[in-house]
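Here is an informal walk through one protein model, written for someone who likes to check the atoms. Have the viewer open while you read.

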Amino acid sequence: MTITAGQTFSLVRECDRYRSLYYAGASGDFNPIHIDVEVGQAAGLGGVILQGLCTLAWGVDAFARLLGDPGLVTGVKARFSKPVRPEDTIRFEGTVTEVDRRTVKARIAARNQSGDEVLKNVEVVGRNPAAVWVGQGEVGPARAGQPAMTAQLAQAMKLLQLSQAELMQTVREELDPVLESAGEPGTAPGTSSVPGAGKSWGPFRYVVGTEKMVEYAAAISGGVPSHAVTGLPEDLHPVLHDETRARRMRWGSIIAFPMFAVVFSIAPAQAALLDPAMEVDVFRVLHGEQEFEFREVLRPGDVLHTTGTLESRSVRGSNELFVIRTDSVNQHGRLAVRGRFTAFVRG
């Protein structure tokens with residue numbers, strides 16, 4: 001599969017009247033403004049609005065479909081500019097901005113049926129599918145005696161492809177949260193001049209489960225997450241839900257959709273905003289921006305410990321801006337996901 005600079009891609013998603021409920025159940029984001037009409041009206045939003053992270057997941061899905069595999073997505077950042085409401089139709093138009101031997105980068109425009117941008121400055125990055133280490137597709141069952149690709153082998157092959165500089169950078173970044181938790185000097189983010197900067201919350205423990213992974217994939221792909229996980233869209237990538245087929249693919253098992261990271265990484269960000277010492281009126285909080293670095297694909301049974309750190313707290317006019325970095329370390333001691341949640345507190 002060859003992807004070139006300038007290549008375009010698109011995806012259309014409709015926000016049905018139950019989508020924010022489906023997403024709340026799959027992600028754990030039960031903020032009342034997303035599920036209670038009266039609360040949404042009292043907050044000045046005119047009713048319920050879709051979770052911004054669901055809208056962002058749709059944009060990531062558009063890029064994942066271009067790459068041909070959701071596990072190849074390695075990063076995303078965006079600003080939430082306008083709420084998505086029930087019955088809205090959102091069109092994602094992407095353009096590949098840069099391609100090299102290992103990486104594909106793109107920008108995505110996301111607009112509703114009126115032409116209003118619901119996301120701004122959307123940038124996504126992923127591995128180039130033309131250079132992925134092994135298993136471009138499924139391994140047929142006829143290859144008797146050939147061992148299946150395991151998660152450990154896939155990870156080893158991935159590391160072997162890195163240059164020395166890339167490998168050293170990976171090691172350094174994965175050690176960051178460990179050093180910070182150990183209190184090593186010079187590793188705490190932020191500056192002492194910013195009130196609360198460097199303050200941390202966590203770690204919060206989370207065990208990845210197959211059913212929850214599939215529920216999340218259903219919720220962001222137009223399906224209906226249920227106890228039996230019925231109603232999966234026909235075009236949902238098998239690596240996200242079909243264990244038999246996924247075992248024959250490059251990852252060796254089913255994996256989580258990249259934005260599944262919100263399920264566990266949002267915990268310390270919520271704890272920060274709810275911390276009485278921070279003196280934040282949560283009813284005036286809006287999710288301003290989001291950034292994720294997906295360092296490793298997530299599989300059933302993975303255990304994540306997530307810590308949140310206040311990187312900055314600033315005042316803009318009568319409003320406040322909080323940037324909270326989250327580091328999710330897996331059971332192998334590796335940094336699996338890094339996120340940055342930017343919260344905007346209306347004055």
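## Starting from a buried threonine

Threonine 309 is buried, its relative accessible area being 3%. This threonine belongs to strand S8. Along the sequence, threonine 309 and alanine 197 are 112 residues apart, yet their C-alpha atoms sit 7.8 Å apart in space. Keep in mind that this is a predicted model.

Now for another strand. Valine 207 is found in strand S6, which covers residues 200-207. With a relative accessible area of 41%, valine 207 is partly exposed. Leaving out residues up to four places away in sequence, valine 207 touches Gly301, Asp302 and Val303. Its C-alpha atom is separated by 9.6 Å from that of asparagine 330, which is 123 residues away along the chain.

## The overall picture

Zooming out, the protein has eight helices and 10 strands. Of its 347 residues, 47% are buried. Take the contacts with a separation of 6 or more: 70% of them come from residues 24 or more positions apart.

## A mostly covered helix

Helix H6 spans residues 210-220, and nine of its 11 residues are buried. Among them are Thr210, Met213, Val214, Glu215 and Tyr216. Ala217, Ala218, Ala219 and Ile220 of H6 are buried as well.

What do the buried residues of H6 pack against? Their partners are strand S1 (8-14), helix H1 (19-27), H3, helix H7 (243-246) and H8. After H6 comes glycine 222, whose phi is positive, near 90 degrees.

## Salt bridges

How many salt bridges does the count come to? The count is 17 salt bridges. Three of the pairs are set out here, with the closest N to O distance for each.

| Acid | Base | Distance, N to O |
|---|---|---|
| glutamate 123 | lysine 77 | 3.7 Å |
| glutamate 293 | arginine 340 | 3.9 Å |
| glutamate 311 | arginine 340 | 3.0 Å |

Start with the salt bridge between lysine 77 and glutamate 123. This pair links distant parts of the chain, with lysine 77 in strand S2 (residues 73-80) and glutamate 123 in strand S5 (residues 117-127), 46 residues apart. Lysine 77 is partly exposed at a relative accessible area of 36%, and glutamate 123 is partly exposed too, at 31%.

Arginine 340 turns up in two rows: it forms a salt bridge with glutamate 293 and another with glutamate 311. Arginine 340 is in strand S10 (residues 335-345), while glutamate 293 is in strand S7 (residues 285-294), 47 residues apart. Glutamate 293 is partly exposed, with a relative accessible area of 22%.

As for the salt bridge of glutamate 311 with arginine 340, that pair also links distant parts of the chain, from strand S8 (residues 303-316) to strand S10, 29 residues apart. Is glutamate 311 buried or exposed? Glutamate 311 counts as buried because its relative accessibility is 18%, and the cut-off for buried is under 20%.

Elsewhere, Arg13, Asp61, Arg65 and Asp235 are joined in a network of salt bridges.

## Two cysteines, no bond

A disulfide is a covalent bond between the sulfur atoms of two cysteines. In this model the count is zero disulfides. Cysteine 15 is in no disulfide, and the nearest cysteine sulfur, that of cysteine 54, is 7.2 Å away. The cut-off for a disulfide is a pair of cysteine sulfur atoms within 2.5 Å, so this pair does not qualify.

Both partners are out of view: cysteine 15 is buried, with a relative accessible area of 3%, and cysteine 54 is buried at 0%.

## The largest pocket

The largest pocket has a volume of about 1,200 Å³. Its lining is made up of 45 residues. Which of them lie nearest its centre? They are Asn31, Ile33, Val285, Leu286 and His287.

Which helices and strands each supply at least two residues of the lining? The helices are H2 (37-42), H3 (52-67) and H8 (262-274), and the strands are S2, S5, S7, S9 (319-329) and S10. By residue type, the lining of the largest pocket divides into 28 nonpolar, 11 polar and six charged residues.

Some of these elements have come up already. S2 and S5, which supply lining residues, hold lysine 77 and glutamate 123. S7 and S10 are likewise on the lining list, and they hold glutamate 293 and arginine 340.

How values were computed:
Residues are numbered from 1 along each chain as its sequence is written. This is a predicted model: local features need pLDDT of at least 70, side-chain atom pairs count only at pLDDT 80 or more; totals for chains, interfaces and linings use all residues. Side-chain values use heavy atoms; hydrogens and water are left out. Buried means under 20% relative accessible area, exposed over 50%, partly exposed in between (1.4 Å probe, protein chains only). A salt bridge is a side-chain nitrogen of Lys or Arg within 4 Å of a carboxyl oxygen of Asp or Glu. Helices (H or I, at least four residues) and strands (E, at least two) are DSSP runs, numbered from the N terminus. On a 1 Å grid over the protein atoms alone, a cavity is a set of points where a 1.4 Å probe fits but cannot get out, and a pocket is an open set with protein on both sides within 12 Å along at least five of seven lines; lining residues have an atom within 4 Å of a point. Grid points are joined across faces, edges and corners, and a volume is the space filled by probe spheres set on the points. Ala, Val, Leu, Ile, Met, Phe, Trp, Tyr, Cys and Pro count as nonpolar, Asp, Glu, Lys and Arg as charged, and the others, Gly among them, as polar. Contact means heavy atoms within 4.5 Å.
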